[in-house]
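The following exercises are to be worked through with the sequence and the three-dimensional structure at hand. Each task is followed by a solution in steps.

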Amino acid sequence: MARTLTITRPDDWHLHLRDGAMLKGILPETARDFARAIIMPNLVPPVVTAKHAAAYRNRIMAALPKGSDFQPLMTLYLTEETDPADVASAFTGGLITAVKLYPAGATTHSASGVKDFNRVMPVLEKMAEVGCTLCVHGEVTDPDIDIFDREAVFIDRILDPLRRRIPELRITMEHMTTKDAVDYIAAEENIAGSITTHHLIINRNHILVGGIKPHYYCLPVAKRELHRQALLAAATSGEAKYFLGTDSAPHTDPNKESACGCAGVFSATNTMPCLAHVYEAENALDKLESFASQNGPAHYRLPVNSGKIVLAKQDDPVTFPAKIETGEGSVTVFDPGFPIHWRVA
Ligand code: NCD
Ligand code: ZN
C-alpha cells in the first residue's frame, strides 16, 4: 500500500559532524534530509571561542555537497575559562545558537568540561541576559553513581539546583533517556528536551542480550524499557517541550568494535525513515512534524523551515547502506532491528 506524508523540512537539534575526512564523509547524510542542525563542539581540541566556532563553521560549509543549503547552527563548548563577553557577542551576532555544557569526563572528548559550577556562573548569567540557550549533557560523572542512574542523579544534584540559581536561563536537556527527565521537563519553565531516534527504538537489552552490540552503545546509555516507553509517549505527544536531536555520533568501525569501544550511534542516514516507522506504529504520524520540524525552532526562537520533505511508504523494505565509507574509515549506520518501509522521497 503506497502512502505519503508531507512535513516541513526537519532540523536536527543535536549532531556530531567531527572534522576533516570524517566531516566530509558524513555531512551529506544529514544535509540530504535536514535543513539545519545544532553542531556539537566536542572536537579535539574543543570549540571553545567564537573564533574557533567561525573557523569550524567555514570548514563545514566547505565540506557541504554542491548546491546544498544546509545550515549548521554552531555551539561553544563551555569551560571554566569561557569568557562571558565572547559568548554574548557570538550569540547576538548570530554566529552561535547555543552553548554546550559537558560535566567534565561525562562522554567522548569531555575532559575540558565543567567541574565547579561556581566558576561558570558569570557566563550562565550573561547567557540568561541575552537569551542564549544552554544545551546540557545531563549525566553526573561520580564514579560511585551507577551508569544507569547518572541522568536521574544529574537532575536532582546539578540541573535542578542550577535552575533555582538562574531560572531565566533557557536550557535544553539533550538526548533524554529516562522517564525522570521527561517528567522533570514537563513540569518546569524555560526547559525543553531533545530525544534521539535510537532511544525511541532500543532499550538496554538491545545492547547486552545475546552478545554485546557495540553499535548500540552511546551516552547516555539506553535504559530499561519503561524509560523507552516514556520517551516514546513524550515524542509522540505533540507537546512543544520535546523535539528531535539525533545525537548522530560517528566513530569508525575499529573504534566501535574494540575492547574499549567508543560511545555513539550513527543515525543520520536513516533517521527520518526510522521515525516515520515508529510514529506510524504508535498511530501518531500526525505528530511527527511537531517533533521533527516545529518544536525545536520554537524552543530556540528560530523560524520554522519553509521547505517540505515527503516521506513515502512502500511495500518492499527500503535498503539503507549498512556503512558509510569515509576517508577515515567505515561508519556503521544505525540498525533499528526491523525492516523500514519508509524513505524520504
Ligand atoms: C558523543 C560523541 O561521540 O561525540 N557520543 C555519544 O555516545 N553520544 C558524545 C555525546 O554526545 O555524549
Ligand atoms: Zn552528542
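**Exercise 1. Two helices in contact**

In this predicted model, Pro84, Val87, Ala88, Phe91 and Thr92 of α3 meet Pro122, Val123, Lys126, Met127 and Val130 of α4. Determine how the residues of this contact divide by class, and state how α3 is oriented relative to α4.

*Solution.*

Step 1. Sort the residues by class: the contact of α3 with α4 comprises 8 nonpolar, 1 polar and 1 charged residues.

Step 2. Consider the axes. Helix α3 spans residues 84-92 and helix α4 spans residues 121-130; their axes come within 9 Å and cross at roughly 25°.

Step 3. Apply the cut-off: angles under 35 degrees count as roughly parallel. The crossing angle of α3 and α4 is roughly 25°, which makes α3 roughly parallel to α4.

Step 4. Add the handedness: α3 and α4 cross in a right-handed manner.

**Exercise 2. A second helix pair**

Describe the packing of α5 and α6 by angle and distance, and classify the residues of their contact.

*Solution.*

Step 1. Helix α5 (residues 150-165) packs with helix α6 (residues 179-186) at about 20°, and the axes are 10 Å apart.

Step 2. The two helices are therefore roughly parallel to each other, since angles under 35 degrees fall into that class.

Step 3. The crossing of α5 and α6 is right-handed.

Step 4. List the participants: α5 contributes Glu151, Ala152, Ile155, Leu159, Asp160, Arg163 and Arg164, while α6 contributes Asp180, Ala181 and Tyr184.

Step 5. By class, this contact has 5 nonpolar, no polar and 5 charged residues.

**Exercise 3. The parallel sheet**

In what order do the strands of the 8-stranded open sheet follow one another, and which strands stand at its edges?

*Solution.*

Step 1. The order is β2-β3-β4-β5-β6-β7-β8-β9, and the pairing is parallel.

Step 2. The edges are formed by β2 and β9; each has a single partner strand, so one side of each is left without a neighbour in the sheet.

Step 3. From one strand to the next, the twist averages 30°.

Step 4. Examine one pair in detail. Strand β5 (residues 96-101) runs parallel to strand β6 (residues 133-136), and 4 bridges join them. Lys100 has Cys135 in β6 as its bridge partner.

Step 5. Place the helices. Helix α5 packs on this sheet and touches β6, β7 (171-173) and β8 (191-195), its direction making about 175° with that of β7. Helix α11 lies across β2, β3, β5, β6, β7, β8 and β9, and runs at about 115° to β9.

**Exercise 4. The antiparallel sheet**

State the strand order and the pairing sense of the 3-stranded open sheet, and identify the helices that pack on this sheet.

*Solution.*

Step 1. The order is β1-β10-β13, with antiparallel pairing.

Step 2. The edge strands are β1 (3-8) and β13 (342-344), each pairing on one side only.

Step 3. Neighbouring strands are turned against each other by 25° on average, direction ignored.

Step 4. Between β10 (residues 308-313) and β13 there are 3 bridges in the antiparallel sense; Ala312 has Arg343 in β13 as its bridge partner.

Step 5. Helix α10 (residues 271-281) packs on the sheet, touching β1, β10 and β13, and its direction makes about 140° with that of β13. Helix α11 (residues 288-300) also packs there, touching β1 and β10, with its direction at about 30° to that of β1.

**Exercise 5. A salt bridge**

What does the salt bridge between Asp11 and Arg36 tie together?

*Solution.*

Step 1. Recall the principle: side chains of opposite charge can pair when their charged atoms come close.

Step 2. Check the distance. The cut-off for a salt bridge is 4 Å, and the closest N and O atoms of Asp11 and Arg36 are 2.8 Å apart.

Step 3. Locate the partners. Asp11 belongs to strand β2 (residues 11-15) and Arg36 to strand β3 (residues 36-39), so the pair ties together parts that are 25 residues apart in sequence.

Step 4. For the whole model, the count comes to 17 salt bridges.

**Exercise 6. Unusual backbone values**

Where do the cis peptide bonds before Pro45 and Pro220 lie, and where is Asp247 found?

*Solution.*

Step 1. Most residues other than glycine have a negative phi, and most peptide bonds are trans.

Step 2. The bond from Val44 to Pro45 is cis, with omega near -10°; Pro45 lies in the loop between β3 and α2 (50-63).

Step 3. The bond from Leu219 to Pro220 is likewise cis, with omega near -10°; Pro220 is in the loop between α7 (204-208) and α8 (225-235).

Step 4. Asp247 has a positive phi, near 55°, and lies in the loop between β9 (242-244) and α9 (253-256).

Conventions: Residues numbered from 1 in each chain as written. Chains lettered and ligands numbered in written order. Predicted model: local features only at pLDDT ≥ 70, side-chain atom pairs only at ≥ 80, totals over all residues. Heavy atoms only, no water. Pairing = 2+ DSSP bridges. Axes fitted to C-alpha atoms, helices over the stretch in contact; angles between N-to-C directions. Contact = heavy atoms within 4.5 Å. Parallel < 35°, antiparallel > 145°, perpendicular 65-115°, else oblique. Left-handed = near helix turned anticlockwise from the far one by under 90°. Nonpolar A, V, L, I, M, F, W, Y, C, P; charged D, E, K, R; others polar. Salt bridge = Lys/Arg side-chain N within 4 Å of Asp/Glu carboxyl O.
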